[in-house]
Amino acid sequence: MSPVLNLQGVTVRRGRKLLLNNVSFQIQEGQRWVILGPNGAGKTTLLQIASGRLFPTTGTAQVLDETLGAVDVFELRPRIGLCSNAVANSIPGHETALNTVLTAAYGVTGRWREQYERLDERRAFGLLNAWGVGTVFDRPFSTLSEGERKRVQIARALMTDPELLLLDEPGAGLDLAGREELVSSISELVDWEDAPATVLVTHHLEEIPPGFTHVLLLRDGELVAAGPMGETLTSENLSETFEVPLELVEREGRYSAFKKS
Ligand SMILES: Nc1ncnc2c1ncn2[C@@H]1O[C@H](COP(=O)(O)OP(=O)(O)OP(=O)(O)O)[C@@H](O)[C@H]1O
């Protein structure tokens with residue numbers, strides 16, 4: 001079985017800055033990965049590569065068995081669900097929640113002259129309902145609360161039934177109850193047998209939903225560690241990643257960390 005994502009020696013350079021430096025790792029079908037690291041570590045850059053929106057300066061990136069640079073990314077992108085700030089910012093504020101989800105079928109963010117099938121509309125409705133935002137289907141995206149927007153965006157990311165789901169800081173900006181509800185919903189999603197391979201980026205251990213299997217720790221564009229959650233998410237690796245002595249606490253599949261006194 002070939003990997004869902006296969007990065008080998010990936011470096012991304014902008015001017016003199018290395019956004020990613022010689023990063024190699026693989027994601028296999030059925031795995032759920034968390035990417036953790038401080039601000040500016042390169043997490044979003046890594047996700048941009050995984051979504052086919054950015055190519056490595058050097059090294060190779062294979063996404064869903066296709067090599068970036070040798071594939072039509074417009075054919076590849078519908079196979080990848082992406083929920084990120086960049087996508088959210090490209091959604092016209094007046095677009096309804098339903099159209100925000102529906103337009104993912106064409107890989108666009110604003111509805112224009114595309115023709116959608118009844119089946120597409122039903123699927124978009126179904127996803128809004130499944131993510132608890134069915135009642136706001138006709139509300140403009142700009143009028144939704146942050147929590148509602150996050151759920152609409154995840155519904156959108158799932159519209160094309162992707163083989164790879166990428167969630168960039170889905171919990172950012174949510175209040176405590178909103179975060180906990182979202183963590184539960186994502187946990188239920190990845191618990192589903194046919195769920196796509198999933199990658200979730202966060203700064204916060206509290207946002208890791210139960211059921212995630214692997215973790216990748218990044219610092220200054222370099223990989224600190226990557227592997228199964230149990231052996232890779234450790235106080236030592238976290239301390240090295242965030243450059244603060246940290247103590248990891250685990251409770252019933254949830255995590256947090258505190259500075260060692
Ligand atoms: N076009 C660019 N030119 C120069 N530097 C860039 C460019 N794009 C990003 N960077 C820098 O690359 C680094 C990695 O950015 P990236 O957004 O991937 O980090 P991140 O881990 O997602 O950060 P955060 O957690 O703050 O969102 C940052 O220092 C950022 O300022």
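This section describes an open sheet, the helix packed on it, the surroundings of the ligand and a hairpin in a predicted model.

The open sheet is built from four strands, arranged in the order 2-1-4-5 with antiparallel pairing. Its edges are formed by strand 2 (17-27) and strand 5 (66-67), each of which pairs on one side only. Strand 1, comprising residues 5-14, runs antiparallel to strand 2 and is joined to strand 2 by seven bridges. Within this pairing, R13 of strand 1 is placed opposite L18 of strand 2. Helix 1, spanning residues 43-50, packs on the sheet and touches strand 1, strand 2 and strand 4 (58-63). The direction of helix 1 makes an angle of about 55° with that of strand 2.

Strand 2 and helix 1 also take part in the surroundings of the ligand, as the elements that contribute two or more residues to the shell. The largest contribution, three residues, comes from helix 1. The shell as a whole consists of R14, K17, L19, G37, N39, G40, A41, G42, K43, T44, T45 and H203. Classified by character, seven of the shell residues are polar, three are charged and two are nonpolar.

A further antiparallel pairing involves strand 11 (residues 246-251) and strand 12 (residues 254-259), which are connected through six bridges. In this pair, V249 faces S256 of strand 12. The two strands, 11 and 12, form a hairpin in which two residues lie between them. In the turn of this hairpin, E252 adopts a positive phi of about 50°.

Notes. Residues numbered from 1 in each chain as written. Predicted model: local features only at pLDDT ≥ 70, side-chain atom pairs only at ≥ 80, totals over all residues. Pairing = 2+ DSSP bridges. Contact = placed C-beta atoms within 7 Å. Axes fitted to C-alpha atoms, helices over the stretch in contact; angles between N-to-C directions. Near = placed C-beta within 6 Å. Nonpolar A, V, L, I, M, F, W, Y, C, P; charged D, E, K, R; others polar.
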